[in-house]
Amino acid sequence: MTQGKVLFSTQATAHGGRAGYIETPDHHLGVKLSVPQEIGGDGGVGTNPEQLFAAGYAACFQSAIGGIARRDKISFGSSRVTGVVGLVRDDLGFALDVELRIVLPELTREKAQYMIDEAHKRCPYSRALQGNVNVRLTLEDEGLVEEGQEQGQGQEQP
């Protein structure tokens, strides 16, 4: 695969690992980290790398859906993507368990599934995880319509 020109680059620095904090040089992000009780931590008030990954992947995937909608001129209601990221122990140490729960209202199941499949091909997070992490893409029933009842043009496209 050919690597294209880098369009955007960013950085974040972690201090103190899972029980420390993360910051960006522009100060747009600065968060305290806490180790969840489920993996031996104190379950403090901070976030954790899995929550940050879930948030980033969900946002990126929803943007990819919006790009497919614009490309294919598909309109639908207010969509939602929820990232669920788990930490699992495997033979090499730890791995991620990832699910995206997707709501695409006012589309048929077939059209919504098409949007999800196309977004999965386009989203940089999905592409980076391909072959490394099994990602479950779950289309939620919420707001789906029957064939012939799809929303008209001119509505929100995330």
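Me: Let's take "buried" as under 20% relative accessible area, "exposed" as over 50% and "partly exposed" as in between (1.4 Å probe, protein chains only). Why is glutamate 142 called partly exposed?

Reply: Glutamate 142 has 45% relative accessibility, a value between the two cut-offs, so partly exposed is the right class. A word on the source: this is a predicted model, where local features need pLDDT of at least 70 and side-chain atom pairs count only at pLDDT 80 or more, while totals for chains, interfaces and linings use all residues. Residues are numbered from 1 along each chain as its sequence is written, and side-chain values use heavy atoms, with hydrogens and water left out.

Me: How do you know that glutamate 142 forms a salt bridge with arginine 80?

Reply: The term asks for a side-chain nitrogen of Lys or Arg within 4 Å of a carboxyl oxygen of Asp or Glu. Here the closest N and O atoms are 2.8 Å apart, so the pair qualifies. Glutamate 142 sits in the segment after strand S6 (135-139) and arginine 80 in strand S4, 62 residues apart. (Strands are DSSP runs of E, at least two residues, and helices are runs of H or I, at least four, numbered from the N terminus.) Arginine 80 is partly exposed, at 40% relative accessibility.

Me: What makes arginine 18 and glutamate 50 a salt bridge, and why does the pair tie together separate parts?

Reply: Their closest N and O atoms are 2.5 Å apart, so this pair meets the cut-off too. Arginine 18 lies in the loop between strand S1 (13-15) and strand S2 (21-23) and glutamate 50 in helix H1, so parts 32 residues apart in sequence are joined.

Me: Why is glutamate 50 called buried?

Reply: Glutamate 50 comes out at 11% relative accessibility, which is under the limit for buried, so the label holds. Arginine 18, its partner, has 26% and is therefore partly exposed.

Me: How do you know that arginine 71 and glutamate 118 meet in a salt bridge?

Reply: The N to O distance is 3.2 Å, so the criterion is satisfied. Arginine 71 belongs to helix H1 and glutamate 118 to helix H2 (residues 109-122), 47 residues apart. Glutamate 118 is buried at 16% relative accessibility, whereas arginine 71 is partly exposed at 42%. Salt bridges that share partners join Arg71, Asp72, Glu118 and Lys121 into one network.

Me: And leucine 92: why is it called exposed?

Reply: Leucine 92 has a relative accessible area of 83%, over the exposed cut-off, so the name fits. You will find leucine 92 in the loop between strand S4 (80-90) and strand S5 (93-103).
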